[in-house]
Every structure is written in structure tokens, then in C-alpha cells.
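Okay, thanks everyone, I'll keep this short. Have a look at the sequence and the model while I talk you through what's in there.

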Amino acid sequence: WSFLLQIDDASEKFEAFNDRYSNIYNKSFPVVKGKNGGRCAESKPWILDWLRCACARKNTLYQKFVRFPSQDNKNKYTKMKKFCAKHIRLAKRKYYNVYFERYNSDSKKQWQMINQLLNRNKKSKTKIGKIIHNGNSISGNSNIAEAFNDYFTNIAQKLKDKITCSINPKSSAPSENTYTPTMFPD
């Protein structure tokens, strides 16, 4: 605020304040592009320019129908909506038919497209930087591998030690509430 105290004229003070406020506002709340941000063309390659224009016309007709509801506006919008849906369906079918015909001998490309259509993305490989084993923090690839190896090679013995088996000495059959591990013989 000290910059305003140096200015004597009220209109100049207002201009300086307004400039400072506008700069801060524009930095804090930048203008964001529309919902798609131009990604529609990348994610839907089957939509050609003329079809994109038809969809824009359909959206305009919808806005007109919402603002001025009438049977005529509704009919125009409904007709354009059916037209766009039909031609999008046909364009999509044609795009994928051409794609699979082009790569009919390349199964890798075909499976890439199938996985993309089914939203099966490759799982990212997560690198483990640090683990805690027996209360100790372990880092480094070889040390982590040793900790995993130690854990998985000793887990069977640890489980066996935790399982208590009691067999009734008067009977050769185990009681109903006991568990006899057959996987870990003594």
C-alpha cells in the first residue's frame, strides 16, 4: 500500500490501485480454455472437420432451444442431434475398419488399439526406494532384494512356529478344534 501514499492525484491513485489489483487477480485466477482444450481432435480422430462443425451447430441449436423453448426449436435440435449421432457412429465404424484393415498383419498394433479401446493402460512400474524390514529402514536395490528374499524364505517356518497343534494323547485322531499342518511335517 505504500506505493499509493506517494501519489497525490486521486485518479492516478485509482489507476495504480486498479493496475496492481488486476495483475494480482489475473495471476491468481488465470483464464482457462474450454472443457476440451482442443483434446477432442486427438482423442476422437474419426470426427472430421465437417462433423465437428455439425456438432457445433447441434450445440448452438440446443442453446437456442433452452433459451427460447418452442416446438420448432425442439424439432430442429432433435433432427440435428439424430444426424450427428448417426454420422459419428458411421465415421467411428469406418475409422476402426480402415485401421484394422491397414494393420491386418500386425497383431501388435491391433492389440494396442484393442487395449486402448478397452481402457487397458500399461501399468506403471513403481520403483521401491525404501522399505522397513524387522524395524530397520532398508534402501538400495540389492539390500531391498535381500530383505524380500529373507522375508519370503523364512515366512513358512515362522507360520509353522506360530501354529500350535495339540493331539489328544488318548486318541489317534486330532480333536475337532485343532489344526494339523500337513504341509510342514516335523
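Before I get to the rings, a quick word on what I'm counting: two rings of Phe, Tyr or Trp pair if their centres lie within 6.5 Å, and planes under 30 degrees apart are stacked, over 60 edge-to-face, and the rest tilted. Keep in mind that this is a predicted model. With that in hand, searching the whole structure turns up 11 aromatic pairs. Take Y25 and F29: their ring centres sit 5.1 Å apart with the planes at 45°, so we call that pair tilted. Y25 is partly exposed, at 42% relative accessible area, while F29 comes out as exposed at 53%.

The next pair is Y62 with Y77, also listed as tilted, with 5.1 Å centre to centre and 50° between the planes. That one links distant parts of the chain, because Y62 belongs to helix α4, residues 49-67, and Y77 to helix α5, residues 71-102, which puts them 15 residues apart. So is Y77 buried or exposed? At 16% relative accessibility, Y77 counts as buried, whereas its partner Y62 is partly exposed at 37%. And going back to Y25 and F29, those two belong to a cluster: ring pairs link F17, Y21, Y25 and F29.

Right, let me zoom out for a moment. What does the protein chain look like in terms of elements? We've got seven helices and two strands. Reading from the N terminus, the order is α-α-α-α-α-α-β-β-α. The chain has 186 residues, and 13% of them count as buried. About 16400 Å² of surface is exposed, and carbon and sulfur atoms supply 54% of that. As for contacts, if you take the ones with a separation of 6 or more, 27% are between residues 24 or more positions apart.

Now for charges. How many salt bridges does a search of the whole structure find? Two. One of them joins the side chains of D49 and R52, at 3.2 Å from N to O. D49 and R52 are three residues apart in helix α4, so about one helical turn separates them. D49 is exposed, with 56% relative accessibility, and R52 is partly exposed at 31%.

The other salt bridge is between the side chains of D72 and K76, at 3.5 Å, N to O again. These two are in helix α5, four residues apart, which is about one turn of the helix. D72 is partly exposed at 46%, and so is K76, at 39%.

Last stop, the strands, and one residue I'd like you to click on: H133. You'll find H133 in strand β1, which covers residues 130-133. Why does H133 count as buried? Because its relative accessibility is 13%, and the cut-off for buried is under 20%. The side chain of H133 makes a polar contact of 2.9 Å with the side chain of D150. Which residues does H133 touch, leaving out those up to four places away in sequence? They are I138, A147, D150 and Y151. D150 therefore turns up twice for H133, as a residue it touches and as its polar partner.

That's my tour. Happy to go back to any of these spots on the screen.

Key
Residues numbered from 1 in each chain as written. Predicted model: local features only at pLDDT ≥ 70, side-chain atom pairs only at ≥ 80, totals over all residues. Heavy atoms only, no water. Buried < 20%, exposed > 50% of the residue type's maximum accessible area, 1.4 Å probe, protein only. Contact = heavy atoms within 4.5 Å. Areas by Shrake-Rupley, 256 points an atom, 1.4 Å probe, with all protein chains shown as cover. Polar contact = N/O pair within 3.5 Å; in protein donor to acceptor, adjacent residues only side chain to side chain. Phe/Tyr/Trp six-rings, centres within 6.5 Å; stacked < 30°, edge-to-face > 60°. Salt bridge = Lys/Arg side-chain N within 4 Å of Asp/Glu carboxyl O.
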